[in-house]
Amino acid sequence: MSYSDSGNSRPWRNDGGAQPHAYDPYLHPELFRGVATRRAFAFLIDMVVISVPVILGYIFIAVFGVVTLGIGWALFWLAWPASVIWAIVYYGACIGGPSSATVGMRIMDLELRTWYGAPGYFVLGATHAVLFWVSVSFLSPFVVLVGLFNGRRRLLHDFVLGTVVINNSVRAPAPQTARTW
């Protein structure tokens with residue numbers, strides 16, 4: 001049984017059926033072409049973006065410790081928790097932003113979406129980062145191998161969270177330039 005009300009164009013479902021996947025690798029294989037490789041490069045770019053402020057923070061604490069004759073070095077105990085918080089906030093804010101992608105993903109033209117097509121949000125981005133690091137810590141090679149044997153190139157933490165990474169350039173084609181003749 002389904003109906004549409006005047007304020008909502010999506011039908012209401014009461015038949016117990018699940019919502020279908022928004023991105024089908026068999027109907028739209030171009031959405032997943034090269035995603036695994038580009039995702040690896042996006043990860044490396046994100047690690048640089050995350051590590052630059054962390055390294056600058058460590059340098060600041062080291063210099064501050066010299067200037068304060070060693071007292072400032074007590075701040076080193078804050079550096080590790082601050083680094084973890086910075087990484088979680090970075091992923092949450094980037095994936096929760098309007099582009100649903102981190103800086104590395106934007107450079108590589110990727111986008112994170114939920115399995116039903118909705119954009120990412122802060123908690124999803126933060127949880128995505130935490131689950132990635134936890135799964136890599138325990139199951140390092142298997143996390144990557146899972147992505148090689150499914151059509152959507154989803155990794156283990158993508159299955160748990162219900163997310164999918166797609167090619168953004170295919171989904172949103174670039175506008176054509178104006179003709180000059």
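Here is a walk through the structure shown above, from the overall layout down to single residues. Keep in mind that this is a predicted model.

Let's start with the big picture. The chain has 181 residues, and 31% of them count as buried. Its secondary structure comes to 6 helices and 4 strands. If you trace these elements along the sequence, you read β-β-α-α-α-β-α-α-β-α.

Next, what does the database record add? An unreviewed UniProt entry annotates residues 40-67, 74-101 and 121-149 as "transmembrane region". You can hold two of those stretches up against the model. Residues 121-149 are 93% helix and 0% strand, with their end C-alpha atoms 27 Å apart. For residues 74-101 the figures are 71% helix and 0% strand, and here the end C-alpha atoms are 36 Å apart.

Now turn to helix H4, which spans residues 122-148 and holds Val130. Val130 is one of the residues in a nonpolar surface patch of about 840 Å². The other members of that patch are Val134, Phe138, Leu139, Phe142, Leu145, Leu148 and Phe149. How does a residue like Val130 get to be part of a surface patch? Patch residues need over 30% relative accessible area, and Val130 has 37%, so it counts as partly exposed. Leu148 also sits in H4. With a relative accessible area of 48%, Leu148 is partly exposed because that value lies between the limits of 20% for buried and 50% for exposed. Leu148 is also a handy place to see the chain come back to itself: its C-alpha is 7.8 Å from that of Ala36, although the two are 112 residues apart along the chain.

H4 turns up again when you look for empty space. Rolling a probe the size of a water molecule over the atoms shows where such space is left. The largest pocket holds about 500 Å³. Its lining takes in 23 residues, and those nearest the centre are Arg39, Ala40, Phe43, Phe132 and Leu155. Which elements give two or more residues to that lining? They are helix H1 (35-67), helix H2 (76-95) and H4. H4 gives the largest share, 10 residues.

One of those central pocket residues, Arg39, has another job to look at: pairing with an acid. Asp158 forms a salt bridge with Arg39, and their closest N and O atoms are 2.7 Å apart. This pair links distant parts of the chain, since Arg39 is in helix H1 while Asp158 is in helix H5 (residues 156-161), 119 residues away. Are the two partners buried or exposed? Both Asp158 and Arg39 are buried.

A search of the whole structure finds 2 salt bridges. Besides the pair just described, Glu111 forms a salt bridge with Arg113, again with the closest N and O atoms 2.7 Å apart. Glu111 and Arg113 are both buried as well.

Back to H5 for a moment, where you'll also find Leu161. Leu161 has a relative accessible area of 24%, so it is partly exposed. The C-alpha atoms of Leu161 and Thr127 are 8.2 Å apart, with their positions 34 residues apart along the chain. A similar exercise works for Asn168, which belongs to helix H6 (residues 168-171). Asn168 and Met105 are 63 residues apart in sequence, and their C-alpha atoms are 9.3 Å apart in space. Asn168 is partly exposed, at a relative accessible area of 21%.

Finally, check the backbone in two loops. Which residue in the loop between helix H3 (103-107) and strand E3 (110-114) deserves a look? That would be Asp109, which has a positive phi of about 65° although it is not a glycine. Asp109 is partly exposed, with a relative accessible area of 28%. In the loop between H4 and H5 you'll come across Arg153. Phi of Arg153 is near 55°, a positive value in a residue other than glycine. Arg153 counts as partly exposed at 30% relative accessibility.

How values were computed. Residues are numbered from 1 along each chain as its sequence is written. This is a predicted model: local features need pLDDT of at least 70, side-chain atom pairs count only at pLDDT 80 or more; totals for chains, interfaces and linings use all residues. Side-chain values use heavy atoms; hydrogens and water are left out. Patches are made of residues with over 30% relative accessible area and no salt bridge: like charges are joined within 9 Å, nonpolar side chains (Val, Leu, Ile, Met, Phe, Trp, Tyr) within 5 Å. Accessible areas come from the Shrake-Rupley method with a 1.4 Å probe; for residues, only the protein chains shown count as cover. A salt bridge is a side-chain nitrogen of Lys or Arg within 4 Å of a carboxyl oxygen of Asp or Glu. Buried means under 20% relative accessible area, exposed over 50%, partly exposed in between (1.4 Å probe, protein chains only). UniProt positions are given in the numbering used here, feature names are shortened, and annotations may be inferred rather than shown by experiment. On a 1 Å grid over the protein atoms alone, a cavity is a set of points where a 1.4 Å probe fits but cannot get out, and a pocket is an open set with protein on both sides within 12 Å along at least five of seven lines; lining residues have an atom within 4 Å of a point. Grid points are joined across faces, edges and corners, and a volume is the space filled by probe spheres set on the points.
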